[in-house]
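Reader: Please choose one part of this model for a close look, go through it carefully, and then place it within the rest of the chain.

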Amino acid sequence: MPITTDVVIIGAGPAGLFQVFELGLLDIKAHVVDSLPQVGGQCAKLYPDKPIYDIPALPIVGAQELVDRLFKQIKPFDAQFHLSQTVTELKQCEDGRFLLVTSAGTEFDTAAVIIAAGLGAFQPRKLRTAGADEWEGTHIHYSVQNPGRLAGKNIVILGGGDSALDWALELNERVEKMTLVHRRAEYRAQAASVNKMKKLAEAGSLQEFHGMIREILVENGKFRGVKIADSEGKMHELEADEVFVFWGLSPNLGPVADWGLDIDKRQIPVDTEQFQTSVPGIFAVGDINTYPGKKKLILSGFHEAALTAFAVQKLLHPEKKIHLQYTTTSPIMHKRLGVD
Ligand code: FAD
């Protein structure tokens with residue numbers, strides 16, 4: 001049975017999070033879906049430790065700190081988060097409501113949709129080596145599911161960032177043999193993880209290899225491993241039962257482009273009164289939208305979220321007269337915020 005709701009927000013970046021707040025002030029509850037396992041969008045995924053200097057009234061704030069503050073601010077509104085799942089389908093039903101389906105099979109029946117999808121869903125950077133797609137899910141993986149099943153296996157991990165190193169350390173004791181392949185000697189992962197990995201390499205329980213993958217090795221139709229070129233171009237065959245690729249995540253507009261909305265240069269055109277898309281009832285805020293003068297700033301997403309909340313209220317309750325109320329003085333707002 002689909003979850004029936006008034007609003008689904010696609011994307012839990014700063015715009016999606018602040019959208020929860022602005023809807024909440026108007027007493028509208030929301031469900032939020034994000035492909036990532038954590039909230040915060042680009043701030044949390046791409047530059048959590050960097051300071052931001054252009055958030056009003058916060059002369060300096062770390063990107064992750066901003067996300068944490070936003071999350072705290074929306075707490076009174078009890079939004080339901082559905083993380084680690086991508087909205088793959090969005091279609092309008094005959095009664096005018098919308099049906100959304102996620103990659104995890106969650107379905108929503110909703111009156112309004114707010115797309116706060118930023119640059120798109122973050123997807124793992126994939127191997128482009130010939131044949132890689134064919135072995136995806138059986139011998140080539142971009143995440144680790146059920147680590148217990150790897151006992152006694154010979155695995156290769158590709159990557160030099162935190163995910164690659166974290167999984168190398170986590171799986172090292174479970175597997176029979178492990179090779180970590182990174183294209184150069186310097187790692188992007190935290191120094192403490194790199195030091196631990198080096199110790200394992202010295203102790204012989206992990207092979208460290210610098211090079212680039214060139215080929216998938218297949219023999220008699222069976223997966224055999226990968227061929228790697230070292231820095232001098234010399235080829236090495238690495239036998240493996242399974243290969244795990246952790247080359248980071250990159251945003252991909254992906255399914256958003258398939259929902260029948262007008263799209264202009266990978267962005268969704270909206271009006272600047274309601275931030276509504278070409279389909280009434282579907283709104284777009286934050287980096288994903290475009291209009292004359294649009295600037296892809298967190299600040300813009302906040303403003304857009306405020307006006308979109310009023311537009312959604314009008315859509316849900318066309319009969320209601322909307323009065324602007326200040327959070328400072330309105331008892332209704334205080335009640336909604338839980339600050340009575
Ligand atoms: P995003 O932060 O991109 O979040 C979108 C979310 O939607 C993502 O989490 C994604 O996983 C999710 N999503 C997308 N598609 C789907 C789907 N189909 N299903 C489920 N989930 C989906 N801005 C400033 O104002 N000041 C700065 O100083 C600043 N510095 C920056 C520094 C760097 C290095 C970068 C990369 C950006 C910087 N920005 C800055 C830009 C700022 O981060 C963006 O404007 C902001 O993150 C946009 O927020 P958003 O919520 O619209 O989108």
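Author: Helices (H or I, at least four residues) and strands (E, at least two) are DSSP runs, numbered from the N terminus. The model is predicted, with local features requiring pLDDT of at least 70 and side-chain atom pairs pLDDT 80 or more, while totals for chains, interfaces and linings use all residues. Residues are numbered from 1 along each chain as its sequence is written, and side-chain values use heavy atoms, leaving out hydrogens and water.

The part chosen is an open sheet of five strands in the order S10-S17-S11-S12-S13, with parallel pairing (two strands pair if DSSP finds at least two bridges between them). The edges of this sheet are held by S10 and by strand S13 (207-210), each of which has a single partner strand, so one side of each is left without a neighbour in the sheet. Strands of a sheet pair through backbone hydrogen bonds, in a parallel or an antiparallel sense.

Strand S11, residues 154-158, is a good place to begin, since five of its five residues are buried, a term that stands for under 20% relative accessible area, with exposed for over 50% and partly exposed for what lies in between (1.4 Å probe, protein chains only). In a regular strand the side chains alternate between the two faces of the sheet. On S11 one side carries Asn 154, Val 156 and Leu 158 and the other Ile 155 and Ile 157, and both faces are covered, with all of these residues buried.

S11 pairs in the parallel sense with strand S12 (residues 177-182), over five bridges, and within this pairing Ile 155 of S11 faces Met 178 of S12. S11 also pairs with S17, again in the parallel sense and over four bridges. In that pairing, Ile 157 has Phe 244 of S17 as its bridge partner, and Leu 158 stands opposite Val 245.

Strand S17, residues 242-245, is likewise covered on both faces: Glu 242 and Phe 244 lie on one side and Val 243 and Val 245 on the other, and all are buried. S17 is joined by two bridges to strand S10 (residues 140-141), the two running parallel, and here Phe 244 is the bridge partner of His 141.

A loop residue that can be set beside this sheet is Lys 126, placed between strand S9 (121-124) and helix H4 (132-135). With a relative accessible area of 39%, Lys 126 is partly exposed. Leaving aside residues up to four places away in sequence, Lys 126 touches Glu 136, Tyr 142 and Trp 247, where contact means heavy atoms within 4.5 Å. The C-alpha atoms of Lys 126 and Glu 136 are 9.8 Å apart, the two residues being ten apart in sequence.

To place the sheet in the rest of the chain, the division is into domain 1 (3-122 + 251-337) and domain 2 (125-245), with bounds from an automatic or database domain assignment. The centres of domain 1 and domain 2, taken over C-alpha atoms, are 38 Å apart. The chain has eight helices and 21 strands, and along its principal axes the C-alpha trace spans about 70 × 45 × 40 Å. Of the 340 residues in the chain, 48% are buried, and among its contacts with a separation of 6 or more, 57% link residues 24 or more positions apart.

Three further loop residues round off the picture. Cys 93 lies between strand S6 (87-92) and strand S7 (98-102) and is partly exposed, at a relative accessible area of 30%; beyond residues up to four places away in sequence, Cys 93 touches Phe 98 and Leu 99. Ser 84, in the loop between strand S5 (80-82) and S6, has a positive phi of about 60° although it is not a glycine, and at 46% relative accessibility Ser 84 counts as partly exposed. Lys 265, in the loop between strand S18 (249-252) and strand S19 (268-269), has a positive phi of about 50°, again without being a glycine, and Lys 265 is exposed, with a relative accessible area of 70%.
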